[in-house]
Structures are given as C-alpha cells and as structure tokens.
Protein chains: 2
Amino acid sequence: MNIILSRDSQVRVMEDMVTNAEKSFGQFCSLLAAYTRKTARLRDKADQLVKQLINFANMENPEMRATLRNFAEDLAKVQDYRQAEVERLETKVVNPLKFYGVQIKQTRAEIKKFKSVRNNEIKQLEKLEKLRQKSPSDRQTIVSAETSMQRASVDASRTSHQLEETVDTFQKQKLKDIQKIFLDFVTIEMVFHAKAVEVYSSAFQTLESYDLEKDLEDFRAKMHGVYGRYDARPPLTDTTLSPALPWSLARSAQSTIQSQRKEAVSEDDSAEEDPVEDLRGQAQQPHQ
Amino acid sequence: MNIILSRDSQVRVMEDMVTNAEKSFGQFCSLLAAYTRKTARLRDKADQLVKQLINFANMENPEMRATLRNFAEDLAKVQDYRQAEVERLETKVVNPLKFYGVQIKQTRAEIKKFKSVRNNEIKQLEKLEKLRQKSPSDRQTIVSAETSMQRASVDASRTSHQLEETVDTFQKQKLKDIQKIFLDFVTIEMVFHAKAVEVYSSAFQTLESYDLEKDLEDFRAKMHGVYGRYDARPPLTDTTLSPALPWSLARSAQSTIQSQRKEAVSEDDSAEEDPVEDLRGQAQQPHQ
C-alpha cells in the first residue's frame, strides 16, 4: 500500500510543517509580546523618573530647576516615542503573530478534510479486496466496488493536490509573514532608537549648559538669609554695645535681657566676617 | 534667646537640606536601579528571541536560514550594546547615587557635632543665668562662669561657621553630582541608541534582501521529493500499464499486488500534471 504510505508521508510532512510553524510562531508571539511588555515597563520606570525629576527640580534654585525641568521634558519625550514603539510592536508584530493562528487552523482543517477523504479511499480499497477474495466471480458487484474505489481514489488524488496547494500557499505566506513581521520589528525599533538619539542629544546640551556657579550664588544668598531673618527680629535699641567684643568680660554686669540682645548682635558680628554676603542675604529674603 | 533660635533655624535648614537630598538621591538611586534592571530584562527577552530565531532558522530552507541567522546575529549585537548600557548605568549612574549616602553621613556627623557644641553653649548660658539670680554678689564665680560661657559661645560660633562651609560644600557637590550623573545617564543612553540604529539598519538590509522565490523553489522541490521517495520504492516491473488510465475498469481483473503497483504508478500520474516540478523533486532528493 505504497500510495497510502506516500499519502501518509505527505500528510505527516504537512502536519509537521504546520505544527512546527504553529509552535515557532507561538513562541515568537509570546517572546515578542514579552519584549513589548518589558519595553512598557521600562517606559513606566522612566515616567516615574520624570516625575521624580520634576519634584526634585521644584525644590532647587532657578538654574537647576530650569535644567532639570528641561531634562525631564526630554526624558518624557523619549517615553512618548517608547509608547509609540510599544503600540506599533503590538499592532504590527504581536497581533499578526497572534492572527497567524487563524491561518494555521485553516490549514489544519484542509489536512483533516484530506485525511477523511483518504480514509474513504482506504475503506473502498479494503472493500474491493474483500470482494475479490470472497466472490471473485461476482463481476457486477466487483465492478460496482471498483467504480466506488475509483471515485474515492480520484477524490483523494484531487484532495491531495488541493492539500499540496494549500501547503504551498501556507509556506509562502509563512515565509512572507516572517520577513514582514521582522522587517516591521526592525523598522519600529530603528525609528524609536533614532528618535531617542535625537532627543537625548538635546538633553545633553541642556545638562551641559547648566550654570553651577549661578545656582551656588542663589544658595549662599538663601543660607545667609536664614541668619538675616533672625537678626531683623529683636528690636535693637541698645546700639552702644561694641559688636567687636561680643563676649567680653565687660558685659558680665549687664542684665540677661541685654545679654540676649547682645547674642542677637553677635550674629551680626559673625556675619561681619563677610559683610557683602550678609547684605546679599538680607536682600535675598523674599526668596525664602 | 534669638541666637539659639537662629542657630536652631540654621540647623533645621541644613538638616532639611540633607534629609531632602538623602530622600531625593535615594529615590533617584532606586528608580535608576529599577530602570537598569528593566533594561536588563529587555535584554534577556531579546536574547531569548535570538535563540528562538536561530532554532527556527535551522528548520528553514537555506535562504531563510541565512537571513534569519544574520538577523539573529544583529539582534544579538544590539543586546551586547544593551549589556554595555546596563553595566555603564550601574557603574556611572547607580553606584555614584549609592555612594552619595557616604557624603550624607559625613554631613550628618558635622550637624551632630554642631548640635552638641550648641547644647554646651546653652548649658553654660543657663548656668550663668542661675548664678546671676542666686548669688549676684559672688563676682569671682560669675566671672568664671562667664569665661566658660564665652568659650562655649566661641566654640559654637566656630562650629556654626564650619557647618556653614560643610553645607556649602555639600550643596556644591550635590549640584555637581546631579549634573554629572544625568549627563552620564544621557551619554550612556545616547551611545546605546546610536549603536542600535546602526545595527538595525544592517538588519533591515538583511531582511529586505531575502529571496522568497528561491526559498519556495527549494520548498517545492522538497515537497515533491516526498512523493519521489515513495515512487522509487516499489519495483516497477509491470511497465505495460497505461499510466494515463490508472483506475480504469480494465484493471479490475488484475491481482491486488498488481493494483498496488498501479497505485504507486498513479502517483506518477498525478505528478504528470506538472512533470517539470516532479523532475525537480526527484533531483532535489539529496536535500532531504
């Protein structure tokens, strides 16, 4: 029964092909879906970083604030492109791989149909064999069985041919899809990476042009402002005290109230070590 | 006690500053560590995809096999760059943020030292107050207490100045570090994305130049080879049978053995519909 062996072999090869394709496309689908998910998680982390950068920027002096806000904006822009990457990967890579299951089902149905036709062929062949052995003289029944057998065989031959065409189409579509899906994957990735290079180049400029000294001036002014605020508070009526000798023994006879005032004045003394900075501190008070 | 208020305020401002920086850098550290981890996970998924591509390629015909292997190689190259990105993010971004904790500890120690010096100042001041109220006539004890008070105050003033310098250095370093760390982050990302664009461009060329028709020829030859293999098996001694009429009624009187042979021959008949393809199939048998 070599024809049946041959057709079994044909079916086996085709079934293997479909099974392998199904398995491979399934694995590609879940791997690329996972790749897309991981990309989305990376985007989420970067989005959190953007938020944290903005929060941090808001606590900083104007120069750093502006720098970090611009940087955060660029980082957010990269995430927008990453989001587009994720959406495009889903639409043009993961979904076609999922959809591939439909084609596999159609091919499987085609194989199943062929198998049932082939089984009928076998049945007719067996029937004919039996008749020939049991009643070799019953020409009319044998001719009738031969006609059925012939029909079944023609059916099987036609279905086999159809199956061959289906498998050819299946293979062609599979190869085309593989090429298309990975070309789309590469294009999506390439576009994203190119955009990222562009945006990060601008972010680099922003960060590099940050003026540290300007920020430090603001900071120092603020810090001296902290002293300035308290210096301004107590009413300094007793101005006869020598600020150059704040803790001299001469003060020992004075009242505690007076000594408190002196303590306040002593702040001015320590500030006198850098009077310009102190003045700046006073001037910067609205910043606080 | 305005000086104490002022110094309390100074300490509070500095403690807030250090606490905020610690919190912010801690958040940046864990966010960027998570970002790096997610990048590593993305690399892992892509590595799996590379393996799967190679496995799949090995089952395919030469043209697709070569295409997918080249593509897998490019995809692996991108992952090598991603691995370099992960390592550089760890070394130049995450680790410096971790190390930042050491600087915070030093500043905290500085603040603690200042606090203890300031507490001594308060103690000496309170001692002096008590003496003045209890024994205002005991000049010698008061003078001695005033000397201690003066020393404590000078200490506090000097430590306050030191603290101010420490905080100035701290702030300067913090701003510098922020700039440096994010510049490094942007540079690392930029280099990775630029490399990815380069490699994916080459991958695009590879995938686009894939010759589908060449592969389909191989495939069709293989599929016909499946028939060919079985056709070659039975010894075809009876060559007088008309292959044009495989299931004609004329065969009804023949033996089952003969009809089996005919069945084998019938395969040749169905192949006759496309004799060129069948010949190609026979010729391609070594491929199997």
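**Exercise 1.** In this predicted model, decide whether B:E146 counts as buried or exposed, and then find the salt bridge that its side chain forms.

*Solution.* Begin with the cut-off, since buried means under 20% relative accessible area. The relative accessibility of B:E146 is 7%, so this residue counts as buried. Next, look for a partner: the side chains of B:E146 and B:R132 meet in a salt bridge, with 2.8 Å from N to O. Because B:E146 belongs to helix α3 of chain B and B:R132 to helix α2 of chain B, the pair ties together parts that are 14 residues apart in sequence. Finally, B:R132 has a relative accessibility of 16%, and therefore it counts as buried.

**Exercise 2.** Where do A:K180 and A:D184 lie, and is each of them buried or partly exposed?

*Solution.* First, place the residues: both lie in helix α3 of chain A, four residues apart, which is about one turn of the helix. Then compare the accessibilities, which are 46% for A:K180, a partly exposed residue, and 12% for A:D184, a buried one. The two residues form a salt bridge in which the closest N and O atoms are 2.6 Å apart.

**Exercise 3.** Which elements hold the partners of the salt bridge between B:K174 and A:E60?

*Solution.* Start from the contact itself, a salt bridge of 2.6 Å from N to O between the side chains of B:K174 and A:E60. This pair crosses between chains, as B:K174 is in helix α3 of chain B, while A:E60 is in the loop between α1 and α2 of chain A. To complete the picture, note that B:K174 and A:E60 are both buried.

Methods:
Residues are numbered from 1 along each chain as its sequence is written. Chains are lettered from A and ligands numbered from 1 in the order in which they are written. This is a predicted model: local features need pLDDT of at least 70, side-chain atom pairs count only at pLDDT 80 or more; totals for chains, interfaces and linings use all residues. Side-chain values use heavy atoms; hydrogens and water are left out. A salt bridge is a side-chain nitrogen of Lys or Arg within 4 Å of a carboxyl oxygen of Asp or Glu. Helices (H or I, at least four residues) and strands (E, at least two) are DSSP runs, numbered from the N terminus. Buried means under 20% relative accessible area, exposed over 50%, partly exposed in between (1.4 Å probe, protein chains only).
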